[in-house]
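Hi everyone, thanks for making time this morning. I'd like to walk you through one structure, so please have a look at it before I start talking.

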Amino acid sequence: MSSSANISRKTPYQGPDRVFGKFKCPKCKQRWQSGHSWANKGQKCKKCKIEVYPYEQKPLVGQSNDSDSDTSPKRTEASWGRRRCGKCRRLGYPCGQFQCGRRI
């Protein structure tokens, strides 16, 4: 296995979809959960402002490749912290608009 493959695997989940993640800041020990978790993307700790990667990830409840059948609760940009989301910062738009490797 190449060293670049080791570097890119920062999260348990390695697929293209948004998943549910559990986070714990190594500095202040604050914990949080997010339905906006992605492979190899972290979120900023509200308190410390450092990038934290999820220690656990699993599919969203009701997750489907068909966005019309998604039964998971919808959140507004403000309620889940777009500025802290690593995926949103990289894309330049809310990651909730991104599904299966493409913008929806």
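Here is a warm-up: which residue is the bridge partner of Lys22 in S5? It is Glu56. Lys22 also has a bridge partner in S2, and that one is Gln33. We'll come back to those strands in a moment.

A word on what you are looking at: this is a predicted model. The protein chain has 104 residues, and 36% of them are buried. You can pick out three helices and seven strands. If you follow the chain from the N terminus, the elements come in the order α-β-β-β-β-β-α-α-β-β. The chain exposes about 6,600 Å², with carbon and sulfur atoms supplying 49% of that area. And if you take contacts between residues at least 6 apart in sequence, 49% of them join residues at least 24 apart.

Now back to the strands. Three of them make an open sheet, in the order S2-S1-S5, with antiparallel pairing. The edges belong to S2 and S5, the latter covering residues 56-58; each has a single partner strand, so one side of each has no neighbour in the sheet. On average, neighbouring strands here are turned by 20° against each other, direction ignored.

How many bridges hold each pair? S1, residues 19-24, pairs with S2 over five bridges, while three bridges join S1 to S5. S1 and S2 also form a hairpin with six residues between the strands, and in that hairpin Lys29 takes a positive phi near 70°.

Let's stay with S2, residues 31-37, for a bit. This strand is mostly covered, with five of its seven residues buried. My favourite spot in it is Ser37. Is Ser37 buried or exposed? It counts as buried, because its relative accessibility is 1%. Leaving out residues up to four places away in sequence, Ser37 touches a whole list of others, among them Asp17, Phe20, Phe23, Gln43 and Pro54. Gln57 is one of those neighbours too, and the side chains of Ser37 and Gln57 share a polar contact of 2.7 Å.

Moving along the chain, two loop residues are worth finding on your screen. Asn40 is in the loop between S2 and S3, and its phi is near 60°, a positive value in a residue other than glycine. Lys49 is in the loop between S3 and S4. Lys49 is not a glycine either, yet its phi is positive, about 65°. Lys49 counts as exposed, because its relative accessibility is 56%.

Last topic: the cysteines. A disulfide is a covalent bond between the sulfur atoms of two cysteines. How many disulfides does a search of the whole structure find? The search finds zero. Take Cys48, which is in no disulfide: the nearest cysteine sulfur belongs to Cys28 and is 3.5 Å away. Cys48 is buried, with a relative accessible area of 17%.

Then there is Cys95. Why is it not bonded to Cys88? The sulfur of Cys88 is the closest cysteine sulfur to that of Cys95, but at 3.7 Å it is too far for a bond. Cys95 counts as buried as well, because its relative accessibility is 0%.

That's my tour, and thank you for listening!

Conventions:
Residues are numbered from 1 along each chain as its sequence is written. This is a predicted model: local features need pLDDT of at least 70, side-chain atom pairs count only at pLDDT 80 or more; totals for chains, interfaces and linings use all residues. Side-chain values use heavy atoms; hydrogens and water are left out. Helices (H or I, at least four residues) and strands (E, at least two) are DSSP runs, numbered from the N terminus. Buried means under 20% relative accessible area, exposed over 50%, partly exposed in between (1.4 Å probe, protein chains only). Contact means heavy atoms within 4.5 Å. Accessible areas come from the Shrake-Rupley method with a 1.4 Å probe; for residues, only the protein chains shown count as cover. Two strands pair if DSSP finds at least two bridges between them. A polar contact is a pair of N or O atoms within 3.5 Å; within protein, one must be able to donate a hydrogen and the other to accept it, and residues adjacent in sequence count only if both atoms are side-chain atoms. Axes are lines fitted to C-alpha atoms, for helices over the stretch in contact, and angles run from 0 to 180 degrees between N-to-C directions. A disulfide is a pair of cysteine sulfur atoms within 2.5 Å.
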